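Colleague: Could you walk me through one part of this model in some detail? I would like to look at a small sheet and what packs around it.

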Amino acid sequence: MNARQPFLDPYHQTIRQLSDRIVAAQAPIRILDAVKWDDGVRQGFLEGKGKRLPAVDRAFYEGRPLGFDGDALKGEFQSIEREVTRQLGQFNPVGQIMRRMCREYRMVIRMLQARGTPDFGLISQELYGAASDAFHAGDPTLADLGMMMSSYLDNIAHRGALEDEPKTLTAKDAVPILQARLNRVFGETEGTIRVFESDGIVADAAAGADYIKVRADALFNERDVRALEVHEGLVHVGTTLNGQNQPICTFLAKGPPSSTVTQEGLAILMEVIAFASYPTRLRKLTNRTRAIHLAEDGADFLEVFRFFQEQGYDLESGYQNASRVFRGSTPTGLPFTKDLSYLKGFILIYNYIQLAVRKGKLEQIPLLFCGKTTLEDMRILRQLVDEGVVVPPKYLPAQFQDLNALAAWMCFSNFLNHLSLDRIEADYANIL
């Protein structure tokens with residue numbers, strides 16, 4: 001599905017060839033497939049009524065080969081990185097992005113080779129961050145954000161108007177609804193974006209290059225389907241299609257972990273501004289962040305599982321959520337921190353858009369959708385769009401096609417951030 005031009009000049013052809021090498025090299029890497037626990041682990045835990053640690057150790061992963069030669073693939077990324085410098089020079093903007101991607105993919109391979117060892121969790125923290133990381137010096141950490149959000153959600157819990165609608169839609173019901181909505185969004189690609197049931201995923205849904213898988217045994221309501229349309233469709237599928245539409249920088253159709261943080265943050269932001277999010281959804285994200293923090297502080301699988309039970313999860317859903325924290329690791333090891341991407345990415349993207357409005361650089365905001373972008377590359381992407389090396393996004397959510405409302409919201413937000421909420425609470429004590 002990659003767009004191709006009839007002619008590329010030698011410079012652009014060099015970038016395209018190096019970019020294509022990165023895309024080809026990363027093809028066999030399937031992080032979530034490599035770290036997931038199989039149904040036998042789940043069944044054993046359920047049969048033990050949640051009283052025994054899952055039977056997962058280093059040998060468990062050794063019995064599940066990666067499907068590629070890790071050392072050889074690291075060598076290929078090292079070779080590509082050398083060629084980028086040799087052919088484009090040390091300071092070429094697009095070369096800087098490609099070299100970083102090569103280094104990041106090598107780190108991913110190291111992490112996967114370390115499955116079931118302490119190094120797995122340490123490398124995961126390098127790639128996705130840790131719950132104890134601060135956003136800026138002196139600011140709250142992700143763990144603090146998780147606790148603050150939980151406190152706010154507790155204050156509005158059990159309000160009749162905010163209770164979830166019953167989940168009466170099966171996956172079989174949800175699939176055609178979601179398919180019809182995506183067909184309307186991606187009009188001319190209708191028929192190429194497939195929505196189908198799958199029993200091989202942990203989440204309720206997952207997006208691929210041209211599809212969305214919906215977990216076969218999951219239940220949904222209309223609000224859930226709307227969230228999937230926005231999160232998986234408008235963001236994840238949309239940015240994939242925009243990346244595949246790149247005639248030169250084909251690497252934008254794929255993304256290493258740093259782009260995952262940007263992608264998930266953008267998806268959560270879209271849920272919020274499209275009014276597709278809701279308290280139960282936010283609770284799920286904060287629970288994941290809090291669970292990772294518990295594991296980083298030494299909690300084992302059973303302790304994290306009990307945390308989810310305290311949040312109202314039953315035996316099976318508690319296992320599913322706890323296993324997300326320890327997949328790739330062991331039940332007593334450091335966590336897999338990918339699920340921090342949602343809240344971490346949201347804060348980073350929100351701050352970026354807020355600053356872009358403050359500095360009058362609105363034209364940079366839609367470039368987040370050029371493909372599987374990484375926030376630290378945005379200045380370079382702006383330059384590459386101006387040079388014609390990267391094409392602007394073809395598919396943009398309505399909220400980013402006309403930035404008037406978003407800009408107005410951020411202008412107010414910039415001012416409100418300067419007000420003291422504690423002082424406001426004291427002043428409003430007699431009227432609230």
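Modeller: Happy to, and please keep in mind that this is a predicted model. Let's begin with helix α10, residues 222–244, which lies across β3 and β4 and runs at about 15° to β3. The sheet beneath our discussion is an open one of three strands, ordered β2-β4-β3, and its pairing is mixed. Because β2 (194–198) and β3 (205–207) each have a single partner strand, they stand at the edges, and one side of each is left without a neighbour in the sheet. On average, neighbouring strands here are turned by 20° against each other, direction ignored.

Now for the pairing itself. β3 and β4 (residues 211–215) run antiparallel and are joined by three bridges. If you want a spot to zoom in on, Ala205 stands opposite Val214 in β4.

For wider context, here is how the nonpolar residues are grouped. The largest nonpolar core has 103 residues, and Ile29, Ile353 and Phe400 have the most contacts inside it. A second, separate core has 19 residues, including Leu169, Val175, Leu182 and Val237. Going back to Ile353, and leaving aside neighbours within four places in sequence, this residue is in contact with Leu269, Ile365, Leu368, Phe400, Leu406 and Met410.

One more helix is worth a glance. Helix α12 covers residues 279–296 and reaches 26 Å from its first C-alpha to its last, close to the 26 Å expected at 1.5 Å a residue. Among the buried residues of α12 are Arg281, Arg283, Leu285 and Ile292. Just after α12, Gly298 takes a positive phi of about 110°.

Notes
Residues are numbered from 1 along each chain as its sequence is written. This is a predicted model: local features need pLDDT of at least 70, side-chain atom pairs count only at pLDDT 80 or more; totals for chains, interfaces and linings use all residues. Side-chain values use heavy atoms; hydrogens and water are left out. Helices (H or I, at least four residues) and strands (E, at least two) are DSSP runs, numbered from the N terminus. The expected span of a helix is 1.5 Å times one less than its number of residues. Buried means under 20% relative accessible area, exposed over 50%, partly exposed in between (1.4 Å probe, protein chains only). A nonpolar core is a set of buried Ala, Val, Leu, Ile, Met, Phe, Trp, Tyr and Cys residues joined through side-chain atoms within 4.5 Å. Contact means heavy atoms within 4.5 Å. Two strands pair if DSSP finds at least two bridges between them. Axes are lines fitted to C-alpha atoms, for helices over the stretch in contact, and angles run from 0 to 180 degrees between N-to-C directions.
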